[in-house]
Amino acid sequence: MGGRQTTYIAKPLPDHHNSSVLPEPTIAKPMAPPAPAGWLSLFQPAPAASVLTTDPVTIKRQYRLWQRRVLISSIIGYAVFYFVRKNLSIAMPVMEKELGISKAGLGLFLTLHGVLYGVSKFANGFLGDRANARTFMTAGLVCSALLNLCFGFSSTVIAFGLFWMLNGWFQGMGFPPCARLLTHWFQPKQLATKLSIWNMSHSIGAGIIVVLCGYLVAINWRLCFLVPAAIALLCSLFLWFKLPDTPASVGLPEVEGTKTSHQTQPIFRAVLLEKVFRNKYIWLVSVANFFVYTIRYVLLDWGASFLTQTRHIQISHAGWMVAGFEFSGLVGALLAGWMTDRFFGGRAARACVFYMALSGVSVLFFWKNRMPSELLNTGLLCLAGFFIYGPQCLVAVIAANLATKRAAASAVGLTGLFGYASTILSGVGLGTLVQHHGWDAGFAGLLLVAGIAMFLFVLAWPAKPHGYATES
C-alpha cells in the first residue's frame, strides 16, 4: 500500500509511583506527511513509535491501560456491527406480510448476505493482518451504516438484495482488525479468556438490536435500518479516536510469548502457508464452524418467525426472547473461555466437544416443547444459546492461537468463510425446507448438524494450544 505513512510518537509518561490515579492513554498525533498521500495510505499499519518505553514498571502500567482500552473499544465497535447486520431478522416477518416476500425469498437475502460476508471475512483476513486496525474497522462500520440507509429507503426486491449483499462484504471488515488487536495485545495463554470476554460483543450487539427493532418494527419496519445506521455512524467516530494499532505504535514492546522476527511480504506468505493452509486442525475446526453457525443462525434469524408462527407469541415479546438467547450465549462463551484456559490447558477443541453435545440436547428440548408458555420457551432458547456460543467463540481461539499473531486474522477469516457459508443451510435452505415441509423437518436437520459438528471437534482433540513454540 503506497502513499503517506502515519507515524505515532509515544508521549512522555509522568511519574505515578506515588499516585493511585493512572494516566489516560492517548493515541499520539500523526506527524505531518512529507508529501500528498493516496487514500490507501490510511490502511497502512501504524509504524513503531520513535521512542520505545523500557522501564518495566511503566511498561506494565501502560499495558494494563491499553489492554483495557483495546478490549472495551473493540467490544463496543463489533457489537455495533451487529446493529447493522442482525436488524433484518426482526423486520422479516413484517416485510413478508407487507411486501409479499416469501420465506424462501427472505432466506435468499440471508444466504447471499452470509456467503458474501464469509468470503469477505476470508479475503479481508489477509488484509487485516497487515493493515491498521483502527482505520480498517472504522471504514467497514461506516460503509455498513451507509448501506443500511440505502436498504431502509428502498422498496424493490432487487434493491434489497443488492444492498444487503454489499452490506455483507463490508461486514467482513469487522472481525479481522479485532483478531489483529487481540493477538498483538494479549499473551497466548490468556487469549481464550480474553477472546471469550470480547465475544460478548456478539451477544450484546445482537441482543440489543433485536429488542430495539422489536419496538421499531411496530412503528415502521424501515426504522429497523435507519436508526441502527445512525448509531453505527456515531460509533465509527468513537472507534477512530479510541483504538490504537500494535503495541509498538504507542511505544511498547511486543507482548511476552509472541515475539517474532521482522516480517517481509515473502515471510508472511510462508507463515500463511505453514500456519494456516497446511494446518489440518484449522481446516477441521473451519468445517466444524459451518455446522456451529448453522445452528446459531437458524435460532437467531428464524427464532422470531418460529415463535410468532408456531407459539403465537407477539413479535415484540419474541424479540426479547431472542435477546435472551444472545445474552445466555454471552455467559456460555465466557465460561467456555475460562474453562479452556483453566482446565483444558488452552486446548479449546476439547471444550467444544462437550459444548456441542449439550447444544444438540438443548435444540431437541426447544423443538419438542409444545407449550405456549413464554417463560418456558425463553428458558429453552436460552439454554440452546448458552451451549452454542461456546464453540462459536472457541473456534476463533483455536485458529488465532495456532496461526499466531502473524496470521491470526487470516486463520479466523478461513473459519469465518465456512461459518458464514452456513447461511446456505440456515438461510435459503431452512426457508425452503420449512415452507414445504414445516418446522419439524427443519429442527430434525439441526440435530444432525449438531452431531456432525461434535464429531469434527473430536477429530481436532489432539491440537496443540498454540503455534508459537515452533515459530522461527
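## Close-up views of a predicted model

**View 1. Second largest cavity.** Helix H2 (88-99), helix H3 (103-128) and H11 each put at least two residues into the lining of the second largest cavity. This is a predicted model, by the way. H3 chips in with the largest share of that lining, 4 residues. The space inside comes to about 100 Å³. Counting everything that lines this second largest cavity gives 13 residues, and those closest to its centre are Arg85, Lys86, Leu110, His113 and Asp301. Sorted by class, the lining of the second largest cavity splits into 6 nonpolar, 4 polar and 3 charged residues.

**View 2. Largest cavity.** The model has 5 cavities of 30 Å³ or more, and the largest of them encloses about 110 Å³. Its lining is made up of 16 residues; look for Lys121, Tyr293, Gln392, Ala396 and Val412, which sit closest to the centre. Four helices each bring at least two residues to the lining of the largest cavity: H7 (188-198), H11 (280-310), H14 (374-403) and H15 (408-421). As for the chemistry of the lining of the largest cavity, 9 residues are nonpolar, 6 are polar and 1 is charged.

**View 3. Ala400 and its surroundings.** Helix H14 is home to Ala400. With a relative accessible area of 5%, Ala400 is buried. What does Ala400 touch, once its neighbours within four places in sequence are left aside? The answer is Thr183, Leu191, Ala408 and Val412. Val412 also turns up in View 2, among the residues closest to the centre of the largest cavity. Arg180 is worth picking out here too: 220 residues separate it from Ala400 along the chain, yet the two C-alpha atoms are 9.2 Å apart.

**View 4. The loop between H14 and H15.** Thr404 sits in the loop that links these two helices. Check its backbone: phi is near 65 degrees, a positive value in a residue that isn't glycine. Is Thr404 buried or exposed? Its relative accessibility is 0%, so Thr404 counts as buried.

**View 5. Helix H4, seen through Thr135 and Asn148.** Both residues belong to this helix: Thr135 lies in H4, and Asn148 is found in H4 (residues 133-152) as well. Start with Thr135, which is buried at a relative accessible area of 7%. Setting aside residues within four places in sequence, Thr135 has contacts with Leu42, Phe43 and Trp240. Then move along to Asn148, buried with a relative accessible area of 0%. Which residues does Asn148 touch, not counting those up to four places away in sequence? They are Val84, Asn87, Trp164, Asn167, Phe225 and Ala229.

**View 6. Cysteines without a bond.** No pair to hunt for here: the structure holds 0 disulfides. Why is Cys393 not bonded to Cys352? The sulfur of Cys393 is 8.6 Å from its closest cysteine sulfur, the one in Cys352, and that is too far for a bond, given that a disulfide needs the sulfur atoms within 2.5 Å. Cys393 itself is buried, at 1% relative accessible area. Cys150, on the other hand, is partly exposed, with a relative accessible area of 32%.

**View 7. Where confidence rises and falls.** Across the chain pLDDT averages 83, and 88% of the residues score at least 70. Among the elements, helix H9 (residues 223-242) has the highest mean pLDDT, 96, while helix H10 (residues 265-277) has the lowest, 77. Two stretches deserve a careful eye. Residues 26-37 stay under 50 in pLDDT, and the model gives them 21 contacts beyond four places in sequence. Residues 261-266 are also below 50, with 6 contacts in the model beyond near neighbours in sequence. Where pLDDT is low, the predicted coordinates shouldn't be read in detail.

**View 8. Stepping back to the whole chain.** How many helices and strands are there? The secondary structure comes to 17 helices and 0 strands. The chain has 472 residues, and 58% of them count as buried. Now for the contacts with a separation of 6 or more: 87% of these join residues 24 or more positions apart.

Key
Residues numbered from 1 in each chain as written. Predicted model: local features only at pLDDT ≥ 70, side-chain atom pairs only at ≥ 80, totals over all residues. Heavy atoms only, no water. 1 Å grid on protein atoms, 1.4 Å probe; cavity = no way out; pocket = protein on both sides within 12 Å on 5 of 7 lines; lining within 4 Å. Points joined across faces, edges and corners; volume = space filled by probe spheres on them. Nonpolar A, V, L, I, M, F, W, Y, C, P; charged D, E, K, R; others polar. pLDDT = per-residue confidence, 0-100. Contact = heavy atoms within 4.5 Å. Buried < 20%, exposed > 50% of the residue type's maximum accessible area, 1.4 Å probe, protein only.
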